[in-house]
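The following exercises are to be worked through with the sequence and the model at hand. Each task is followed by a solution in steps.

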Amino acid sequence: KRRLLADYIYVDPPYDNAPDYTRTLEFLDDSHMLAPRGIVIVEHRTGFEPPEILSRLELVRVLEQGDATLSFYRLAAAA
């Protein structure tokens, strides 16, 4: 009955499953699970480039740490 919204969503599929990143981001983009000021954090292999913008989510920060990279998404201003 209650609609809960996540402030943070962390995504970390196996690095070798690149299609899972896109599918997961598209699912989150279509859902209304993220709070208005929430953040989606995606961990992936350095060198892999997830989409920069979807319908509602946009990439706002990238933090490289050796073999791993964290990509941060927020709801786009126009969403």
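**Exercise 1: Strand pairing**

Leu-59 has Tyr-73 as its bridge partner in E4. The model is predicted, so that local features need pLDDT of at least 70 and side-chain atom pairs count only at pLDDT 80 or more, while totals for chains, interfaces and linings use all residues. Residues are numbered from 1 along each chain as its sequence is written, and side-chain values use heavy atoms, with hydrogens and water left out.

Task: State in which sense strands E3 and E4 pair, parallel or antiparallel, and describe the turn between them.

Solution.
- Step 1. Strands (E, at least two residues) and helices (H or I, at least four) are DSSP runs numbered from the N terminus; two strands pair if DSSP finds at least two bridges between them.
- Step 2. E3 covers residues 57-65 and E4 covers residues 68-75; 8 bridges join them in the antiparallel sense.
- Step 3. The two strands form a hairpin with 2 residues between them, and Gly-66 in the turn has a positive phi of about 65°.

**Exercise 2: The order of elements and strand E2**

Task: Give the pattern of elements along the chain, then characterise E2 by its pairing with E1 and by its burial.

Solution.
- Step 1. The protein chain contains 1 helix and 4 strands, in the order β-α-β-β-β.
- Step 2. E1 (residues 6-11) runs parallel to E2, and 5 bridges join the two. Val-11 has Val-42 of E2 as its bridge partner.
- Step 3. A residue is buried under 20% relative accessible area, exposed over 50% and partly exposed in between (1.4 Å probe, protein chains only). In E2 (residues 34-45), 9 of the 12 residues are buried, so the strand is mostly covered.
- Step 4. For the protein chain as a whole, buried residues make up 37% of the 79 residues.

**Exercise 3: Three residues**

Task: Classify Glu-64, Ser-55 and Arg-74 by accessibility, and place each in the fold.

Solution.
- Step 1. Glu-64 lies in strand E3 and counts as exposed because its relative accessibility is 57%. With neighbours within four places in sequence left aside, its contacts (heavy atoms within 4.5 Å) are Thr-46 and Thr-69. Its C-alpha atom is 9.2 Å from that of Arg-45, 19 residues away along the chain.
- Step 2. Ser-55 is found in the loop between E2 and E3. A relative accessibility of 64% makes Ser-55 exposed. The C-alpha atoms of Ser-55 and Asp-30 are 7.9 Å apart, with 25 residues separating the two along the chain.
- Step 3. Arg-74 belongs to strand E4 and is partly exposed, at 34% relative accessible area. Beyond its neighbours within four places in sequence, Arg-74 has contacts including Arg-37, Gly-38, Ile-39 and Val-60.

**Exercise 4: The chain as a whole**

Task: What radius of gyration does the chain have, and how does this value stand against the globule rule?

Solution.
- Step 1. The radius is taken over C-alpha atoms, and the rule is 2.2 Å times the number of residues to the power 0.38.
- Step 2. For 79 residues, a compact globule would have a value near 12 Å; the protein chain has 12 Å, so the two agree.
- Step 3. The C-alpha trace spans about 40 × 25 × 20 Å along its principal axes.
- Step 4. Of the contacts with a separation of 6 or more, 56% are between residues 24 or more positions apart.
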